[in-house]
Amino acid sequence: MKRNRLSLFGAVFLLSLVIFYSAYTTAVGCNAVGFLDHVTLIMILLLMNEILRQVPGRWACSAGRLVLIAFLAVFFFLNTLHFRFFHTWGDAAAARQWDDLRSIWSSLKVLSKPADLIFFFAVPMAAWIFLQVRSPSKISKQILFVLIACLSAAHAFLASPEILYNENDPFMVALRQEAKSGLASFSSERPTASVTTGVQKYQLINSTIYKNAEDPDFPLLKIPLPNSRPLPFELDKKPNVVFILMESVRAYESGAYGADPSMTPTLDRLAREGFLFRNFYANSYQTARAEFAIQSSYLPAVQDSPEYIIRPHLSLVTWPSLLKRHGYATLWIGSYTPTYDNKQDFLSHHSIDSFFSSIPKGYRKVGWGPSDEDLFNYAFNVLSTQQAPYFAEIMTLSNHFPWDDGAPTAALTPQVRGDAMYQKYAQGIFYTDYAIGKFMSRVRASRRFDNTLFIFCGDHGIWLFPDTAPQSSALRQEIYFRVPLIFWSPRLQPRMIETMGSQIDIGPTVLDLLGLRDTNYFQGTSLFRHDISTRFVLMSQDGRWNMRRGNVYTYDVGPELFKTHYPFNEAEYDRLVKNKRMEHVDFTADEDLLRRTDSRHLKLLADPNQTRQFHEFAEGAFAFYHGLMAADKIAPKDEATVPARKEEKLPD
């Protein structure tokens with residue numbers, strides 16, 4: 001009996017090592033409240049072990065234990081890698097996106113450490129062996145149920161309202177989120193009475209060209225005003241629209257946004273010749289989420305997998321579908337399969353007719369696939385065969401983490417100060433810009449593109465910084481979310497747009513520029529209009545939100561980060577650290593936060609009533625828009641265009 005107990009205690013000890021290694025290798029740590037959550041997980045594992053005892057056959061029970069332990073180990077391993085890169089936890093649904101392990105394998109290798117092999121593979125295997133050598137002592141399932149219930153209740157009572165890393169176990173957080181999602185699925189599909197208040201509070205409308213239709217079923221419906229004034233620089237004659245989504249390109253490294261040296265000489269020139277949007281943000285942290293926000297003019301959900309995966313047939317009207325109504329062909333061009341992240345299913349359901357990704361053999365591989373140079377050569381040939389007018393999206397890929405093939409133009413990249421990984425990142429940006437430069441040289445030399453609008457936008461930032469970047473996590477959030485947006489056309493004259501906006505505003509801005517006024521359900525607005533008193537931008541990363549509203553920044557920093565990152569106001573340091581519920585910092589800036597980061601230009605908002613109002617506004621806005629999406633009440637189902645999906649190839 002004693003040996004039986006030792007085998008159980010040994011297995012529990014080893015599995016606890018896995019959990020606590022994950023907490024400490026990511027610098028998350030664990031306080032007393034977090035310890036309760038970790039112990040709850042151990043109790044759940046013991047309960048599962050007791051249930052497996054009832055499986056007939058020793059080998060079946062043994063296999064069940066192996067699956068259970070392996071699942072736990074893999075979860076903590078992948079979650080640890082996720083945190084090392086994004087500095088946030090993943091969620092339980094993140095694994096749905098990993099449908100191509102061959103492509104992400106290079107990323108896994110870079111993020112892994114030698115000790116991971118011990119704690120995420122050897123230690124769990126040893127725990128399983130402990131359980132197999134001698135059948136461990138039985139534990140009453142009733143007692144385990146009571147312990148789990150008591151520990152869960154204690155954790156719920158003691159934990160902060162917001163998810164703090166050192167107060168929670170990531171596996172338990174994922175379980176609670178899944179349970180919450182399951183309960184939400186039983187809620188009514190009709191928007192609640194609070195929708196009217198939500199529209200009035202959170203919907204932004206260009207009041208000079210649209211008004212809300214006051215539709216109780218689809219509260220975001222906007223209808224155009226008669227005889228609205230066109231833009232003085234409107235592009236008539238139905239220009240082609242070519243949208244270039246640039247992988248991991250931030251504004252911080254661009255000379256157009258003040259970088260010296262600049263990694264983007266091509267974009268800098270295009271910005272001088274076209275429209276430069278100076279205060280522009282990504283809405284999320286991942287390509288699939290960015291593309292959803294751009295195409296749909298709607299915020300991606302704060303949590304769960306991308307909408308491409310969990311809501312591919314969501315009822316909404318994209319701005320390419322509106323272009324299609326005006327006679328535009330619609331196509332997508334990339335160097336990677338459009339089926340990744342279920343992209344093709346979503347986009348084809350929402351009016352993208354043709355997909356081009358069959359880059360001819362003989363290309364140069366850079367990162368996940370063909371180089372950006374090969375992509376743009378291919379895209380030029382595709383576009384040259386299209387009948388005007390058309391909308392085309394081109395998605396670059398060479399600047400994807402972890403840059404293991406190296407940038408072909410690494411020797412030409414300006415020198416920057418930073419670690420080896422940041423050096424690779426800077427070289428990747430420079431190479432994408434170089435490829436764009438070669439593409440645009442061909443565009444300038446061809447009369448075929450005289451009536452074409454080119455749009456350049458970064459999809460998201462990346463959590464890598466040069467030595468010269470500020471250490472404050474709040475200021476790094478600004479660097480992370482700021483991305484370039486540039487409009488260029490032979491028909492445009494240079495213009496600088498100071499209006500604050502984000503990726504959900506691209507579609508309405510383009511339609512305004514083209515003089516197209518359509519009934520729509522967009523969350524975004526045109527950035528050319530000065531008819532909104534206080535604009536706000538919402539950003540999210542793995543369940544943690546950020547907001548800029550007017551000149552007030554409310555950025556997620558997490559209380560743990562105050563241990564290593566210097567706050568804005570030394571006099572407030574003790575108050576912020578002692579307040580364990582401090583998740584966001586609120587401040588104003590009188591200069592461009594991307595460059596002017598010294599304390600003279602920053603003012604901390606310390607009034608708790610004022611900060612609470614900003615936090616409630618951001619959380620309410622996310623909840624309002626996500627509620628409409630979850631209920632599928634953005635737009636009527638019959639307005640979604642569903643063309644036949646097809647993979648196109650160039651004619652011989």
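Where is Pro-402 found? Pro-402 is in the loop between strand 10 (390-395) and helix 15. Bear in mind as you look around that this is a predicted model. The peptide bond leading into that proline, from Phe-401 to Pro-402, is cis, with omega near 10°.

There's another cis bond to look at: the one from Asp-260 to Pro-261, where omega is near 5°. Pro-261 sits in the loop between strand 3 (240-246) and helix 9. While you're around strand 3, have a look at Lys-237, whose phi is near 65°, a positive value in a residue other than glycine. You'll find Lys-237 in the loop between strand 2 (222-224) and strand 3.

Now follow the chain from those proline loops into helices 9 and 15. Helix 9 (residues 265-273) packs against helix 15 at an angle of about 50°, and their axes are 7 Å apart. Helix 9 and helix 15 are therefore oblique to each other. On the helix 9 side, the contact is made by Pro-265, Thr-266, Leu-267, Arg-269, Leu-270 and Glu-273. Helix 15 answers with Phe-430, Asp-433, Ile-436, Gly-437, Met-440 and Arg-444. Sort the residues of the helix 9 and helix 15 contact by class and you get six nonpolar, two polar and four charged.

Helix 15 also has dealings with helix 14. The axes of helix 14 (residues 372-384) and helix 15 (residues 420-444) come within 9 Å and cross at roughly 25°. Helix 14 and helix 15 are therefore roughly parallel to each other, and helix 14 passes helix 15 in a right-handed crossing. From helix 14, the residues involved are Asp-372, Glu-373, Phe-376, Asn-377, Phe-380, Asn-381 and Leu-383. They meet a run of helix 15 residues that includes Tyr-431, Tyr-434, Ile-436, Phe-439 and Val-443. In the contact of helix 14 with helix 15, nine residues are nonpolar, three are polar and four are charged. Ile-436 is worth a click, as it takes part in the contact with helix 14 and also in the one with helix 9.

Next, swing over to helix 2 and helix 6. Helix 2 and helix 6 (residues 141-158) pack at an angle of about 160°, with 9 Å between their axes. That makes helix 2 roughly antiparallel to helix 6. The crossing of helix 2 past helix 6 is left-handed. Helix 2 brings residues such as Val-33, Leu-36, Asp-37, Met-43, Leu-47 and Ile-51 to the contact, while those from helix 6 include Leu-144, Phe-145, Ile-148, Leu-151, His-155 and Leu-158. By class, the contact of helix 2 with helix 6 has 15 nonpolar, three polar and three charged residues.

Asp-37 is one of the helix 2 residues in that contact, and what else does Asp-37 meet in a salt bridge? Its side chain and that of Arg-176 meet at 2.8 Å, N to O. Asp-37 lies in helix 2 (residues 32-52) and Arg-176 in helix 7 (residues 170-184), so the pair ties together parts that are 139 residues apart in sequence. In total, the structure holds 21 salt bridges.

Last stop: a sheet further along the chain. Which order do the five strands of this open sheet have? The order is 15-16-17-18-19, and the pairing is antiparallel. Strand 15 (536-541) and strand 19 (602-604) stand at the edges with a single partner strand each, so one side of each is left without a neighbour in the sheet. On average, and ignoring direction, neighbouring strands of this sheet are turned by 25° against each other. For a look at one pairing, take strand 16 (residues 544-549) and strand 17 (residues 552-556), which run antiparallel and are joined by three bridges. Within this pairing, Arg-549 has Val-552 of strand 17 as its bridge partner. Helix 20 (residues 608-630) packs on the sheet, touching strand 15, strand 16, strand 17 and strand 18 (584-589). The direction of helix 20 makes about 115° with that of strand 16.

Key: Residues are numbered from 1 along each chain as its sequence is written. This is a predicted model: local features need pLDDT of at least 70, side-chain atom pairs count only at pLDDT 80 or more; totals for chains, interfaces and linings use all residues. Side-chain values use heavy atoms; hydrogens and water are left out. Two strands pair if DSSP finds at least two bridges between them. Helices (H or I, at least four residues) and strands (E, at least two) are DSSP runs, numbered from the N terminus. Axes are lines fitted to C-alpha atoms, for helices over the stretch in contact, and angles run from 0 to 180 degrees between N-to-C directions. Contact means heavy atoms within 4.5 Å. Angles under 35 degrees count as roughly parallel, over 145 as roughly antiparallel, 65 to 115 as roughly perpendicular and the rest as oblique. A crossing is left-handed if the near helix is turned anticlockwise from the far one by less than a right angle, and right-handed if clockwise. Ala, Val, Leu, Ile, Met, Phe, Trp, Tyr, Cys and Pro count as nonpolar, Asp, Glu, Lys and Arg as charged, and the others, Gly among them, as polar. A salt bridge is a side-chain nitrogen of Lys or Arg within 4 Å of a carboxyl oxygen of Asp or Glu.
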